[in-house]
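Let's take a friendly walk through this structure, moving from helix pairs to single residues. Keep the 3D view open as you read.

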Amino acid sequence: MMIDRNFLPTTRRRFMTAAAGAVAVLATPSILRAQTREIVVGGAASHREWVEEILIPAFGAKHDCRVIFEGSRSLVNLEKMQQNKDRPYLSVVQMDDPVMILANEAGLIEPMTEADVPNMASLVENTVHADGAWVNYLRPFQAIAYNKEALPDGIASWNDLWDEKMAGRVIIPSLQNTEGVFPLIMAASLESGMPVPAAQYDIDAGFTKLQALKPNILTIYTQMPQAFNLLETGEAWALAGALSSFTIPRQNEGAPIGLAVPKEGAFASPSGVCVVRGAPHPDLAKAWIDDLLSAEIQQKIVGPTFSLSTNSTVRPPEGMPDIASINAIDWANVAENRTQWVERWDREMAI
């Protein structure tokens, strides 16, 4: 009798067919994962919370992709870009402007245009750099923090730091710190009589003015928390170059301090963002930056970061001091001369 193999309960053909089907089912998640695009964003560790709570969920849903955020420091992000220059794995990097300059000089950045990132058209002045190599997405600002009990009326002018009543009560940052640049440049403006944009190139005037501040200097800090401890206890009355993102949270927690924006203005301490040259998924990288610059996202992040927006349509968050003037810094000039300035600082500013 002839047997029809198609009716056998178990055959090699059926076994192979079933096995192939099982493998296909098991492999499906891997296939789906392979089809999901992914970008890695390098940024500040302190920004992780708002990036992961506000930006990543909205971006992932909008662009059907996965975002991994690597929080670190600007110089560490620069090292990652340098070490992986031939095979970049970072698509976007968010870091401070002075470090952006180094990355751009090393050819690690892919410039952007408004065609790539339409929200660049809404940015305020002095926030697009090096022909679009990077843009600023936030502007934490620096002015003068003060003890409210010692100075209930605040500080109206940067010149107030030189008043005799401030003897032994002023703290300034070391020039080894990025924020140390701001009091030096403001001192140059006060001494020379020139506005900050011009005075920042007359650094001799800045050193002359700061030397005259020595009788009023309590200490020159390199660690901001220790400096704020002196301010909050009342041993110090004023801290020049204080960062909004550090001062305002302490004020909101009940510390007896305020952040004064004197009539000569404050300084922007801008946060930059760029596309890594040769980045995986450059279209997603540019979309990330465009979303980051949008009014919708900016409005959500200026509060948690205690910063000013770079999108001209976004108003300052509630509780932010009124700022009539933000003084822009030529960071390329700073980068070129800072080593010499630090050497001079060590010689002339010892107290």
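## Helices H2 and H11

In this predicted model, the axes of helix H2 (residues 48–63) and H11 come within 11 Å and cross at roughly 160°. Angles over 145 degrees count as roughly antiparallel, so H2 and H11 are roughly antiparallel to each other. The crossing of H2 past H11 is right-handed.

If you would like to display the side of H2 that takes part, pick Trp-50, Ile-54 and Leu-55. Their partners in H11 are Ile-297, Lys-300, Ile-301, Pro-304 and Thr-305. Sorted by class, this contact of H2 with H11 holds six nonpolar residues, one polar and one charged.

## Helices H10 and H11

H11 also meets H10. The axes of H10 and helix H11 (residues 295–305) come within 5 Å, and they cross at roughly 65°. From H10, the contact uses Asp-291, Leu-292 and Leu-293, while H11 supplies Ala-295, Ile-297, Gln-298 and Ile-301. By class, the contact of H10 with H11 has five nonpolar residues, one polar and one charged.

Ile-297 and Ile-301 of H11 are worth colouring: they take part in the contact with H10, and they are also among the H11 residues that meet H2.

## Helices H7 and H12

How are H7 and H12 arranged relative to each other? Helix H7 (residues 203–211) packs with helix H12 (residues 331–348) at an angle of about 25°, and their axes are 12 Å apart. That angle makes H7 roughly parallel to H12. The two helices make a right-handed crossing. On the H7 side you will find Ile-203, Asp-204, Phe-207, Leu-210 and Gln-211, which meet Trp-341, Arg-344, Trp-345 and Glu-348 of H12. This contact of H7 with H12 divides into five nonpolar residues, one polar and three charged.

Within H7, the buried residues are Ile-203, Ala-205, Gly-206, Phe-207, Lys-209 and Leu-210. A lysine is thus on that list, along with a glycine. The buried residues of H7 pack against H12, and also against helix H5 (181–192) and helix H6 (196–199).

## Buried residues in strands and a loop

Ile-109 sits in strand S4 (residues 109–110). It is classed as buried because its relative accessibility is 1%. Leaving out residues up to four places away in sequence, Ile-109 touches Met-81, Met-100, Ala-103, Asn-104, Ala-133, Cys-274, Val-275 and Arg-277. One of these, Met-81, is 28 residues from Ile-109 along the chain, and the two C-alpha atoms are separated by 9.1 Å.

Gly-265 belongs to the loop between strand S11 (257–260) and strand S12 (266–268). Is Gly-265 buried or exposed? At 1% relative accessibility, Gly-265 counts as buried. Beyond residues up to four places away in sequence, Gly-265 touches Trp-158, Met-186, Ser-325 and Asn-327. Its C-alpha atom is 9.5 Å from that of Val-196, a residue 69 positions away along the chain.

His-129 is part of strand S5 (residues 128–129). With a relative accessible area of 18%, His-129 is buried, since the cut-off for buried is under 20%. A polar atom of the His-129 side chain lies 3.5 Å from the backbone oxygen of Asn-126. Setting aside neighbours within four places in sequence, His-129 is in contact with Asp-97, Trp-134 and Asn-136.

## Two residues with positive phi

Most residues other than glycine have a negative phi. Asp-131, which is not a glycine, has a positive phi of about 55°. You can find Asp-131 in the loop between S5 and strand S6 (134–139), where it counts as exposed at 77% relative accessibility.

His-281 is another residue other than glycine with a positive phi, here near 50°. Its place is the loop between strand S13 (271–276) and helix H10 (282–293). With a relative accessible area of 28%, His-281 is partly exposed.

## The chain as a whole

Zooming out, the protein chain has twelve helices and 15 strands. Of its 351 residues, 49% are buried. Among contacts with a separation of 6 or more, 73% are between residues 24 or more positions apart.

Notes:
Residues numbered from 1 in each chain as written. Predicted model: local features only at pLDDT ≥ 70, side-chain atom pairs only at ≥ 80, totals over all residues. Heavy atoms only, no water. Helix = DSSP H or I, 4+ residues; strand = E, 2+ residues; numbered from the N terminus. Buried < 20%, exposed > 50% of the residue type's maximum accessible area, 1.4 Å probe, protein only. Polar contact = N/O pair within 3.5 Å; in protein donor to acceptor, adjacent residues only side chain to side chain. Contact = heavy atoms within 4.5 Å. Axes fitted to C-alpha atoms, helices over the stretch in contact; angles between N-to-C directions. Parallel < 35°, antiparallel > 145°, perpendicular 65-115°, else oblique. Left-handed = near helix turned anticlockwise from the far one by under 90°. Nonpolar A, V, L, I, M, F, W, Y, C, P; charged D, E, K, R; others polar.
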